[in-house]
Amino acid sequence: MGAEMTEATGGIDFEDEEASGVVKKFMFVNRKAPYGTIYALEALEVVLISAAFDQDVSLAFLDDGVYQIIKGQHTKAIDVKNFSPTYRALEGYDIEKLYVEKESLDQRGLTEDDLLVDVQVMSSAEMAKMMSEQDIVISF
Amino acid sequence: MPTIEVGGKNYETDEEGYLINLGEWNEEVGAYLAIEEKVEMTPSHWEVVNFLREYYNDYQIAPAIRVLTKAIGKKLGAEKGNSKYLYELFPYGPAKQACKIAGLPKPTGCI
């Protein structure tokens, strides 16, 4: 079991891999509630994987996407994993640019204090500008 | 689904031998998985395994190797926070082998 396979694929170390040189600005845009669809979890996985490639990665939370990073999520009753603690791991992955649209918070009666990670709250207009400065915007 | 038998109890694993229910993990299961990985466990090995379990408990993911080395360096000292140290303990890939022994899923971003 396993031994041969792990031997063949083991030993890959991102730390030792040279970046290919080009660093692009990636923004992952989260617009959906954390549960009920797979989008939020998939986005988070893509973001974590992208961290291995030394790119300039940021996350934006808009609309119901702001609920992804809200404190005090309890998922027992819907029998799915509460993956919200993983957003707190992003810092360790050197992903520190988290942007939240102010209008989306306001419409839901939320403030920055309701969020479980440090974010930069910005207006819709500022968010639009931020998006226009990206090389790649991927929406979930 | 494959199972392993430890101390008279069956535990489900995936195709690659990772434990399905990490809540079922105990040191005995860890020791069994280590034997399957041909890793001879020392206190240094357990230190990393326990670190991983704590990390998982806090963040609900198994860390990528780069993140693991950095976090270990912070918590256990710079002389341990490097891939050389971790590869000496877990020659076939620290994230992979240590995670498996710790009963965690395979790390995200581990290719």
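Helices (at least four residues) and strands (at least two) are DSSP runs, numbered from the N terminus. Keep that in mind as you work through this predicted model.

**Exercise 1. Find how many helices and strands chain B has, and in which pattern they follow one another.**

Step 1: Count the elements. Chain B holds 5 helices and 2 strands.

Step 2: Walk along the sequence. The pattern reads β-β-α-α-α-α-α.

Step 3: Turn to overall shape. Chain B has a radius of gyration of 13 Å, close to the 13 Å from the globule rule for 111 residues, so chain B is as compact as a globular protein of that length.

**Exercise 2. Work out how strand 1 and strand 2 of chain B pair.**

Step 1: Locate the strands. Strand 1 of chain B covers residues 3–6, and strand 2 of chain B covers residues 9–12.

Step 2: Look at their directions. The two pair in the antiparallel sense over 4 bridges; B:Val6, for instance, has B:Lys9 as its bridge partner in strand 2.

Step 3: Inspect the turn. These strands form a hairpin with 2 residues between them, and B:Gly7 in the turn has a positive phi of about 55 degrees.

**Exercise 3. Decide whether helix 5 of chain B is largely enclosed or not.**

Step 1: Recall the cut-off. A residue is buried if 20 or more other C-beta atoms lie within 10 Å of its own.

Step 2: Apply it to residues 94–101. Here 8 of the 8 residues are buried, so helix 5 of chain B is largely enclosed by the rest of the structure. Among them are B:Pro94, B:Ala98 and B:Ile101.

Step 3: Set this beside the whole chain. Of the 111 residues of chain B, 40% count as buried.

Step 4: Look just past the helix. There, B:Gly103 takes a positive phi of about 80 degrees.

**Exercise 4. Describe the sheet of chain A and what packs on it.**

Step 1: Read the strand order. The open sheet of 5 strands runs 4-3-2-1-5, with parallel pairing.

Step 2: Find the edges. Strand 4 (120–122) and strand 5 (136–139) of chain A each have a single partner strand, so one side of each is left without a neighbour in the sheet.

Step 3: Check one pair. Strand 3 (residues 97–101) and strand 4 of chain A share 3 bridges, and A:Tyr99 stands opposite A:Gln120 in strand 4.

Step 4: Add a helix. Helix 4 (residues 124–132) of chain A packs on the sheet, and its direction makes about 140 degrees with that of strand 3 of chain A.

Terms used
Residues numbered from 1 in each chain as written. Chains lettered and ligands numbered in written order. Predicted model: local features only at pLDDT ≥ 70, side-chain atom pairs only at ≥ 80, totals over all residues. Rg over C-alpha atoms; globule rule 2.2 N^0.38 Å. Buried ≥ 20, exposed ≤ 12 C-beta atoms within 10 Å, placed from the backbone. Pairing = 2+ DSSP bridges. Contact = placed C-beta atoms within 7 Å. Axes fitted to C-alpha atoms, helices over the stretch in contact; angles between N-to-C directions.
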